[in-house]
Amino acid sequence: MDEHGAGPEAPGADGQRHVPVLLDRVLALFEPALADRDAVLVDATLGAAGHSAALLSRHSRLTLVGVDRDESALRLARTRLAPYAERTHLVHAVFDALPEVLDDLGRERVQGVLFDLGVSSMQLDEDERGFSYARDAPLDMRMDPSTGPTAADVLNTYAPGDLIRVLHDYGEERAARRIVEAVVRARRRAPLRTSAELVALLEDAIPAAARRTGGHPAKRTFQALRVEVNGELDAVSAAVPAAVRALAVGGRVVVMSYQSLEDRIVKRVLAEHTRSKAPPDMPVVRPEDEPDLRLLTRGAEKADDDEIAANPRAASVRLRAAERVREAA
């Protein structure tokens with residue numbers, strides 16, 4: 001199953017759309033930072049605003065800054081958050097623009113930052129966006145459909161070596177070379193334009209033994225193309241450190257990832273801020289060498305069986321969270 005359930009088992013318009021993943025856990029993690037005080041929280045991946053609506057409902061003195069690169073998501077969120085309009089600021093931007101967003105609002109420090117990474121339920125459920133390998137659609141995959149190259153552009157214009165890199169690095173696809181050879185042969189005849197064309201190519205290119213394990217044979221390639229089209233890993237690498245810098249003492253960052261590449265970045269950033277900077281043999285640790293974050297989770301937390309049964313898109317989630325305990329040196 002791909003991120004948020006991009007496979008054929010993903011629920012569609014059956015009443016399970018836009019169900020916030022790990023909602024109770026997210027509310028509990030932010031509670032100490034937001035309760036009974038004036039507070040600002042950035043939802044850096046606003047989407048359909050399920051988490052944000054619950055946080056605003058729970059904390060009457062909370063101001064929300066909601067960020068999303070997808071204008072259709074912002075329109076949906078604006079409707080959902082209408083009861084809290086006086087306490088919300090919605091911004092059309094990629095989440096790595098967090099410093100500029102806060103600067104524009106005159107906010108130097110915030111009490112919370114939430115990331116729910118990867119493709120959203122709404123994007124998966126809109127066939128014309130081309131994120132799912134389960135339904136035929138144009139190969140678009142842009143989270144902001146108003147700008148940038150599409151997945152079709154990547155497939156049809158990248159040099160073979162660059163395509164191999166994308167599939168290997170972003171999809172961890174072992175058959176990357178075979179797939180790219182098939183893509184090059186296909187695009188000589190005619191450009192690849194639809195998800196069905198790509199899925200058929202992948203089913204032929206990937207060895208039968210490899211198709212028997214690891215889920216749908218298109219899963220890794222679709223993930224890799226989406227990550228490349230949207231610059232997702234670069235955005236995560238910039239945004240999570242920016243979120244840590246923006247936290248006030250006592251503020252908390254909560255990050256939900258759905259694939260290992262993102263989770264590794266989050267784990268590394270949080271580790272850098274939760275260990276002492278003093279040499280191992282230093283008998284006394286100077287205050288400026290003390291960690292400035294405290295981990296709130298043991299490793300990466302996952303959804304339990306009950307939540308996965310109710311919301312299959314929670315199956316691959318990995319949640320990490322930390323609290324700022326002192327100002328950075």
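Helix H12's buried residues (under 20% relative accessible area with a 1.4 Å probe, protein chains only; exposed is over 50%, partly exposed in between) are Glu232, Leu233, Ala235, Val236, Ala239, Val240, Pro241, Ala242, Ala243, Val244 and Ala246. This is a predicted model, where local features need pLDDT of at least 70, side-chain atom pairs count only at pLDDT 80 or more, and totals for chains, interfaces and linings use all residues. Residues are numbered from 1 along each chain as its sequence is written, and side-chain values use heavy atoms, with hydrogens and water left out.

**Helix H12**
- Helices are DSSP runs of H or I, at least four residues, numbered from the N terminus.
- With 11 of its 15 residues buried, H12 is largely enclosed by the rest of the structure.
- H12 covers residues 232-246, and its end C-alpha atoms sit 21 Å apart, which agrees with the 21 Å expected (1.5 Å times one less than its number of residues).

**Nonpolar cores**
- The largest nonpolar core (buried Ala, Val, Leu, Ile, Met, Phe, Trp, Tyr and Cys joined through side-chain atoms within 4.5 Å) has 70 residues, with Val42, Phe115, Ile179, Phe222 and Val253 making the most contacts inside it.
- H12 supplies the largest share of this core, 9 residues.
- Apart from it lies another core of 31 residues, among them Leu29, Leu46, Tyr84 and Val254.

**Asp263**
- Asp263 belongs to helix H13, residues 260-273.
- Asp263 counts as buried because its relative accessibility is 8%.
- Setting aside neighbours within four places in sequence, Asp263 is in contact (heavy atoms within 4.5 Å) with Ser257, Ala300, Arg318 and Arg320.

How values were computed
Helices (H or I, at least four residues) and strands (E, at least two) are DSSP runs, numbered from the N terminus.
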